[in-house]
Amino acid sequence: MFNTIFLALAITLMYATPLCFTALGGVITQRAGVDNIGLEGMMAFGAFAAAAVAYFSENPWLGLLFGGLAGAALALIHAFVSISLKGDQTISGIAINFIGLGLAIFMTRLLFNGMASTDAVLNKIPKLFKTLGVKLENHPLLHALEIDLTVVLAFILVFVVHFVLYKTAFGLRLRACGEHPAAADTLGVSVVKIRYIAVLLSGLFAGLGGGAMTLAVISHFTPTVISGQGFIALAAVIFGNWKPIGAALACLLFGFAQALTVLLTSYTALPTQILATLPYVLTLLVLIFFVGRAVPPKANGQPYFKGEA
């Protein structure tokens, strides 16, 4: 029984980690007043970049870094359209979702001889992240609990982001840009600069989330590896009331739904296709019952025109 409990905990943490990275990015950008529904595309492109760089360099940490940078590169496009050009942020985010996945598939086929997946990563790149599991494997109760360092990194970042947002001057300025950018501008805060930084950080975190998925969870890239994870992370942002710790707890809930899917596959006769819908059904229920109660930043999704009241 203890083995099953700790196995469920390990799977929950494993699947919650990519969501947690991405949700943190969503919290940062929306707190600054820029809506970013392109997290899905940024995750997908980051997932590809992480797998490809890890494959050729044989260094998963380098792959994870480039995954984050790939997400930030797409975020720069979204920032330019949304902030500099004052474009519709929703349309820009949708475009980023298509661009991110399209680029990932195109580059994979270009680099891997026409294949649509980097299956070779599975054998070439060992799961070097999984070092904490070695320390626990001989424990009579904890030997089923194997977690990797990306889990630790993600949840350390939760508290780092919380501290920056609520305990630093930069965090105060960022939140002011999302609540009342005109007032922030009057006090000398560069709304454009703060929003650019926030959007780039959201892409960086989303890319790290995609990289965590391809390197620490499944160890290869396929076109369906993300499959809605970015949208689930957005739901976690809403469920967590646009707060880092709340979003992280929501990610754990969605991660548990994924763990339940994996465990029930072994214990029930239900088709795997039905069980695989559990995380998405939970996402819909969260949005139905909590989206009306959550209060987003007042200026979220609204372009700022200097001098407006």
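## A walk through two buried residues and two cavities

Start by selecting F48, which sits in helix α2, the stretch covering residues 39-57. Keep in mind as you click around that this is a predicted model.

**Stop 1: F48.** Is F48 buried or exposed? With a relative accessible area of 5%, F48 is buried, because the cut-off for that label is under 20%. Now add L103 to the selection and draw a C-alpha to C-alpha distance: you should get 9.0 Å, although F48 and L103 are 55 residues apart in sequence. Next, show side chains for what F48 touches. Setting aside neighbours within four places in sequence, the contacts of F48 are A104, M107, T108, L111 and F221.

**Stop 2: V199.** Jump to helix α10, residues 191-217, and pick out V199. Its relative accessibility is 0%, so V199 counts as buried too. Which residues does V199 touch, once those up to four places away in sequence are left out? Select T29, V34, A75, H78, A79 and I83 and you have them. Then bring up I28: the C-alpha atoms of V199 and I28 are 7.6 Å apart, with their positions 171 residues apart along the chain.

**Stop 3: the largest cavity.** Time to look for empty space. The structure holds two cavities of 30 Å³ or more. The largest cavity contains about 50 Å³ of space. To see its walls, select V34, S82, I83, K86, Q89, V191, V192, R195, P303 and Y304. Helices α3 (60-84) and α10 are the elements that each give two or more residues to this lining. Colour α10 if you like, since the largest share, three residues, comes from there. Two names may look familiar: V34 and I83 are among the contacts of V199, and V34 and I83 also belong to this lining. Sorted by class, the lining of the largest cavity has six nonpolar, two polar and two charged residues.

**Stop 4: the second largest cavity.** Clear the selection and pick Y15, L19, Q229, I232, F254, G255, Q258 and P279, which line the second largest cavity. Three elements supply two or more residues each to that lining: α1 (2-31), α11 (229-239) and α12 (244-267). Which element gives the largest share? That would be α12, with three residues. The volume of the second largest cavity is about 50 Å³. Colour the lining by class to finish the tour: five residues are nonpolar, three are polar and none is charged.

Key
Residues are numbered from 1 along each chain as its sequence is written. This is a predicted model: local features need pLDDT of at least 70, side-chain atom pairs count only at pLDDT 80 or more; totals for chains, interfaces and linings use all residues. Side-chain values use heavy atoms; hydrogens and water are left out. Helices (H or I, at least four residues) and strands (E, at least two) are DSSP runs, numbered from the N terminus. Buried means under 20% relative accessible area, exposed over 50%, partly exposed in between (1.4 Å probe, protein chains only). Contact means heavy atoms within 4.5 Å. On a 1 Å grid over the protein atoms alone, a cavity is a set of points where a 1.4 Å probe fits but cannot get out, and a pocket is an open set with protein on both sides within 12 Å along at least five of seven lines; lining residues have an atom within 4 Å of a point. Grid points are joined across faces, edges and corners, and a volume is the space filled by probe spheres set on the points. Ala, Val, Leu, Ile, Met, Phe, Trp, Tyr, Cys and Pro count as nonpolar, Asp, Glu, Lys and Arg as charged, and the others, Gly among them, as polar.
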